[in-house]
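Student: Please take me closely through one part of this structure, the surroundings of its cysteines, and then show me how that part sits among the sheets and ring pairs. I would like the cut-offs stated as you go.

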Amino acid sequence: MSTELPLARGVLEDVVVDAGRLHVGGWMALPGQEIDSYSASFAGGPAEPLDATDRPDVATVIPGVATGRHAGFRGSLALSDVASEEWHELRVVGLSGDRPVAEVTLELPLAFREWPTPPAPLMVRVAHLDQPALFKLDGLRSLRDLLYAARRHVDLDDVEAILDWGCGCGRKTLPLTKRLPGREIQGCDVDRDAVDWCAGNVDGARFAVIPTRPPTQYPSSSFDLILGDSIFTHLERDAQLAWLSECSRLLRPGGVLVATVQGERALELVADETTRAETLQHGVCDRLVDDTLAGVLAEGSYRAVFQTEDWTRRVWSRAMRVLDVHPAAAGGFHDVVVLTSSTGGSRSASRSGPRRH
């Protein structure tokens, strides 16, 4: 990547190949920053301008963004001759005047639309989305952000066993099997319906139902890499520490856990004033009930949790060693935390170097 820009809160809503061009659409917003125009590039090709569109729905969905003016983008790019199964970077850059100020980036193969699609109720449970293309693009974005953080501490070429903890209906697991073929990939979740769908539709991985409280059935030192996307965001503080201890048990020496939390960017964008004040005063707010998994989990056990970086570093260090915290590095919204067992260390630094967030 030629430049390093803040990740915007944003979504690539659709990517379509038609008449030899790649058509893209979506939105982005960065708190405190006006975005006037957009450009996009694919597979290392030149950046081409996109049309800016007004998206008042963005301001409705994200109260922390004051306006949806120019938040949307839509247009098309010249498409070079690439195989549909090859992975390439798609990057959309937001500009203020002529100055690049933010980006939304993911890696994808153009064949992603052909992948199996979970039933709409399962997609909604995982991501509050029921549109197949948008659901798959969101999974690709999530996987890209987590692997980007992991690369700073493990060489992915050396990673043999990966656990997608809280896999749901395979939003990340399915693209992970395509991105890193030949690895021992496993997915687990408390949602039996989601696990059953994955077992019948996602090749190249094994799946299991796990209890709502540890331990899991996996032997100690089973995995080089554990991915936990939007799991700790729903766990009370005591449950967080219990699952951190379990992840520490499951990691091989030098392995890492890459997990997301709702940090101060999420607090700024979506929390009410009472929640913001409580989180900033105490470091964590875990009293808010989220009913997304009503009927799957016990009533009140699934929460919407916010926590500061200082609290995360200080409290999580009781269970694992915190290697990095990348604010708003997952979709420009969640913080990404990289951890290893208290007695372990990261296996190797990334050859590509760190990304600033």
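Tutor: A disulfide is here a pair of cysteine sulfur atoms within 2.5 Å. By that criterion, a search of the whole structure finds 0 disulfides. The model is a predicted one, in which local features need pLDDT of at least 70 and side-chain atom pairs count only at pLDDT 80 or more, while totals for chains, interfaces and linings use all residues. Residues are numbered from 1 along each chain as its sequence is written, and side-chain values use heavy atoms, with hydrogens and water left out.

Cysteine 188 is not in a bond with cysteine 167 because the sulfur of the latter, although the closest cysteine sulfur, lies 6.2 Å away, which is too far. Cysteine 188 is also buried (under 20% relative accessible area, with exposed meaning over 50% and partly exposed in between, for a 1.4 Å probe and protein chains only), its own value being 1%. Cysteine 247 is likewise in no disulfide, since its nearest cysteine sulfur, that of cysteine 188, is 8.5 Å away; cysteine 247 is buried too, at a relative accessible area of 3%.

Which residues does aspartate 164 contact, leaving aside its neighbours within four places in sequence? With contact taken as heavy atoms within 4.5 Å, the partners are Lys172, Thr173, Gln186, Gly187, Cys188 and Leu227, so Cys188 is one of them. Aspartate 164 belongs to strand β8 and counts as buried, with 0% relative accessibility. Strands, like helices, are DSSP runs numbered from the N terminus (E over at least two residues for strands, H or I over at least four for helices).

Strand β8 belongs to an open sheet of 7 strands in the order β10-β9-β8-β11-β12-β16-β15, whose pairing is mixed; two strands are taken to pair if DSSP finds at least two bridges between them. The edges of this sheet are β10 (206-209) and β15 (321-330), each of which pairs on one side only, and the twist averages 15 degrees from one strand to the next. At the β15 edge, that strand and β16 (residues 334-340) pair in the antiparallel sense over 6 bridges, with histidine 326 standing opposite valine 336. Towards the other edge, helix α5 (residues 192-201) lies across β9 (184-189) and β10 and runs at about 165 degrees to β10. For such angles, axes are lines fitted to C-alpha atoms, for helices over the stretch in contact, and the angles run from 0 to 180 degrees between N-to-C directions.

The ring pairs also involve strand β8. Rings of Phe, Tyr and Trp (its six-membered ring) pair if their centres lie within 6.5 Å, and planes under 30 degrees apart count as stacked, over 60 as edge-to-face and the rest as tilted. The structure holds 6 aromatic pairs, among them the tilted one of tryptophan 165 and tryptophan 243, at 5.3 Å centre to centre and 40 degrees between the planes. This pair links distant parts of the chain, with tryptophan 165 in β8 (residues 161-165) and tryptophan 243 in helix α6 (residues 237-250), 78 residues apart. Tryptophan 165 is buried at 4% relative accessible area, and tryptophan 243 is buried at 4%. Another pair, tyrosine 218 with phenylalanine 223, is edge-to-face because its planes stand at 80 degrees, with ring centres 5.4 Å apart; both of these residues are buried. Ring pairs further join Trp165, Phe232, Trp243 and Trp316 into a cluster.

A further open sheet remains, with 7 strands in the order β1-β2-β5-β4-β3-β6-β7 and antiparallel pairing. Its edge strands are β1 (9-18) and β7 (99-108), each pairing on one side only, and its twist averages 25 degrees from one strand to the next. Strand β6 is mostly covered, as 7 of its 9 residues are buried. On one side β6 pairs with β3 (residues 37-42) over 6 bridges in the antiparallel sense, where tyrosine 38 stands opposite glycine 94. β6 also pairs with β7, again antiparallel, over 9 bridges, and there valine 92 faces valine 104. Helix α3 (residues 132-150) lies across β1, β6 (88-96) and β7, running at about 105 degrees to β7.
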